[in-house]
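Colleague: I should like to go through this model with you, one point at a time. May I ask for the reasoning behind each answer as well as the answer itself?

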Amino acid sequence: MQEKKSIHGSWASRWVFILAATGSAVGLGNIWKFPYITGENGGGAFVLVYLLCIALVGIPIMIAEVFVGRRARQSPINALVDLAEESGKSTKWSLIGVMGLLAGVLIFSFYSVVAGWVLQYIVSTANGSLNGVTSEQAGEIFSGLLADPGTLLLWHTIFTIMVVGVVIGGVNAGLERATRIMMPALFVLLFVMLGYGMSTDSFGAGWSFMFDFDFSKLSWDAVLVAVGHSFFTLSLGMGTIMAYGSYMPKRASIGSTVLAIGFLDTLVALVAGLVIFPIIFANGMDPAAGPGLMFISLPVAFGQMAGGQFFGTLFFVLIGVAAWTSAISLLEPTVAYLVERVGMKRSTATIALGVVVWAVGILCLGSFNFMSDVTLFGKNVFDFLDYITANIMLPLGGIFIALFAGWVVKKKHASDEINLKSEGLFNLWLFVVKFIAPVAVGVVFILNL
Ligand code: VAL
């Protein structure tokens with residue numbers, strides 16, 4: 001087959017692809033969501049299930065997404081059509097792509113609201129208004145923010161504009177530059193914070209909470225949350241990794257690259273947990289406090305530590321950057337599709353999509369105040385979108401991508417593109433995407449119904 005090129009450009013090297021994909025994967029999912037869902041689901045056993053999901057389901061499906069994208073060199077929907085046609089199969093498989101793009105766009109809407117909280121916390125830490133807060137005060141400050149739609153709207157709007165600005169710039173100019181410097185800085189600061197956590201008396205309690213496996217605390221519902229989160233955190237089932245894969249250099253090895261991304265993403269989540277839980281226990285807070293967990297625990301820790309105002313500001317800045325590089329990746333697949341399919345200019349497509357996600361975001365931020373009594377299936381809009389994307393759309397998309405890669409694409413096409421070092425490894429991957437991943441996710445789904 002003649003080598004194809006993406007009309008949207010490509011990453012300069014394998015290293016840049018790793019940075020960009022890690023920039024996408026590492027985000028609020030790792031630092032905000034992972035600790036709070038771990039807290040809500042009892043710790044240890046949940047963490048173990050999550051790790052198993054990453055290894056057995058997430059990594060193999062990530063390989064599938066990258067190879068589909070790279071082989072077709074097109075945005076997700078078109079990539080699925082292309083590979084289905086190449087193997088003489090129905091192009092209806094591209095519906096997986098439609099669902100993925102929709103999931104990405106819906107995730108953006110509430111993601112941007114949470115990123116807005118982060119932006120507010122950058123300002124509050126920098127101007128010293130969080131200095132020396134007690135855990136009660138931290139809780140009140142966070143509730144006060146949620147109750148204030150004007151402030152939430154301001155930050156949600158600023159964040160959406162920041163993302164739209166980068167996506168308009170395109171893959172090379174925009175995305176690459178945003179990731180190159182900021183990702184490494186985040187890693188460094190996380191480890192500085194880990195050092196602080198280790199110096200406190202409650203590090204052992206935090207560690208036990210995360211790594212003592214008590215299966216009596218685990219429900220099927222928690223298992224589904226772990227499955228869903230493994231997709232969310234690796235940016236799977238939302239078109240993102242497939243789109244980024246379509247910009248990946250041909251020579252780069254998919255297997256080792258994906259392993260590196262999965263490893264870094266998991267590392268950040270675990271370290272974030274080890275930063276947050278010791279603070280929670282040291283201050284007698286509730287690990288099951290929910291989405292506010294990070295926002296009530298970190299300010300208390302920064303308030304107590306030497307140089308806390310400086311480190312706190314820097315830390316929130318880096319979380320903001322992690323959210324930024326992830327949010328960019330949530331819009332990119334749909335923008336690329338609109339450019340390919342409808343022939344829109346990149347700037348027009350990005351702004352149009354930006355307006356849509358911004359508007360849906362208003363419904364999400366209203367969930368905490370002026371729309372708090374509006375519910376869908378017993379959940380407010382924010383929780384509802386989080387639930388249907390992470391627990392339904394992403395796992396469902398994941399099952400179908402696995403089936404697509406395992407059963408629809410010709411084995412030769414997959415093995416040429418993935419090009420693993422040994423045939424045994426390739427067959428193992430194929431077995432997982434054909435059987436293990438779809439069955440495992442399917443069973444968890446059915447048990448939850
Ligand atoms: N994977 C990212 C995260 O974990 C986003 C793109 C959902 O935050």
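Colleague: Is G9 buried, partly exposed or exposed?

Modeller: Please bear in mind that this is a predicted model. G9 belongs to the segment before α1. Buried requires under 20% relative accessible area and exposed over 50%. Because its relative accessibility is 21%, G9 counts as partly exposed.

Colleague: How far is G9 from A173 in space, C-alpha to C-alpha?

Modeller: In sequence, 164 residues separate G9 and A173. In space, the C-alpha to C-alpha distance between G9 and A173 is 9.9 Å.

Colleague: Let us turn to the ligand. Where does the ligand sit?

Modeller: Residues around the ligand include S24, L28, Y111, F232 and S326. A molecule is assigned to a cavity if more than half of its atoms lie within 2 Å of the grid points of that cavity. By this criterion the ligand sits in the largest cavity.

Colleague: Which helix supplies the largest share of the shell around the ligand?

Modeller: At least two residues of the shell come from each of α1 (14–25), α2 (28–40), α10 (220–233) and α14 (308–342). The largest share is three residues, and the helix that supplies it is α2.

Colleague: How many residues of the shell around the ligand are charged?

Modeller: Only Asp, Glu, Lys and Arg count as charged, and Gly is placed among the polar residues. On that basis, the shell has five nonpolar and seven polar residues, and the number of charged residues is none.

Colleague: What is the distance from an oxygen atom of the ligand to an N or O atom in the side chain of Y111?

Modeller: Two backbone approaches may be set beside this one. A backbone N or O atom of S24 is 3.3 Å from a nitrogen atom of the ligand, and a backbone N or O atom of L28 is 3.2 Å from an oxygen atom of the ligand. For the side chain of Y111, the distance from an N or O atom to a ligand oxygen is 2.5 Å.

Colleague: How much of the accessible area that the ligand has on its own does the protein cover?

Modeller: On its own, the ligand has 260 Å² of accessible area. The share of this area covered by the protein is 100%.

Colleague: I now turn to the backbone. Which residue in the loop between α3 and α4 is buried, with a relative accessible area of 7%?

Modeller: Most residues other than glycine have a negative phi. The loop between α3 (44–72) and α4 (76–86) holds a residue whose phi is positive, near 55°, although this residue is not a glycine. With a relative accessible area of 7%, under the 20% limit for buried, that residue is R73.

Colleague: Is F377 buried or exposed?

Modeller: F377, in the loop between α15 (346–366) and α16 (381–408), has a positive phi of about 50° and is not a glycine. Because its relative accessible area is 77%, and exposed means over 50%, F377 is exposed.

Colleague: With which side chain does the side chain of R71 make a polar contact?

Modeller: R71 is placed in helix α3, and R71 is buried, with a relative accessible area of 7%. The polar contact has a distance of 3.5 Å, and the partner of the R71 side chain is the side chain of E417.

Colleague: Which backbone oxygen does the side chain of N369 reach?

Modeller: N369 is located in the loop between α15 and α16. At 14% relative accessibility, N369 counts as buried. At 2.7 Å, its side chain reaches the backbone oxygen of L146.

Key: Residues are numbered from 1 along each chain as its sequence is written. This is a predicted model: local features need pLDDT of at least 70, side-chain atom pairs count only at pLDDT 80 or more; totals for chains, interfaces and linings use all residues. Side-chain values use heavy atoms; hydrogens and water are left out. A residue is near a molecule or strand if one of its heavy atoms lies within 4 Å of it. A polar contact is a pair of N or O atoms within 3.5 Å; within protein, one must be able to donate a hydrogen and the other to accept it, and residues adjacent in sequence count only if both atoms are side-chain atoms. Accessible areas come from the Shrake-Rupley method with a 1.4 Å probe; for residues, only the protein chains shown count as cover. On a 1 Å grid over the protein atoms alone, a cavity is a set of points where a 1.4 Å probe fits but cannot get out, and a pocket is an open set with protein on both sides within 12 Å along at least five of seven lines; lining residues have an atom within 4 Å of a point. Helices (H or I, at least four residues) and strands (E, at least two) are DSSP runs, numbered from the N terminus. Buried means under 20% relative accessible area, exposed over 50%, partly exposed in between (1.4 Å probe, protein chains only).
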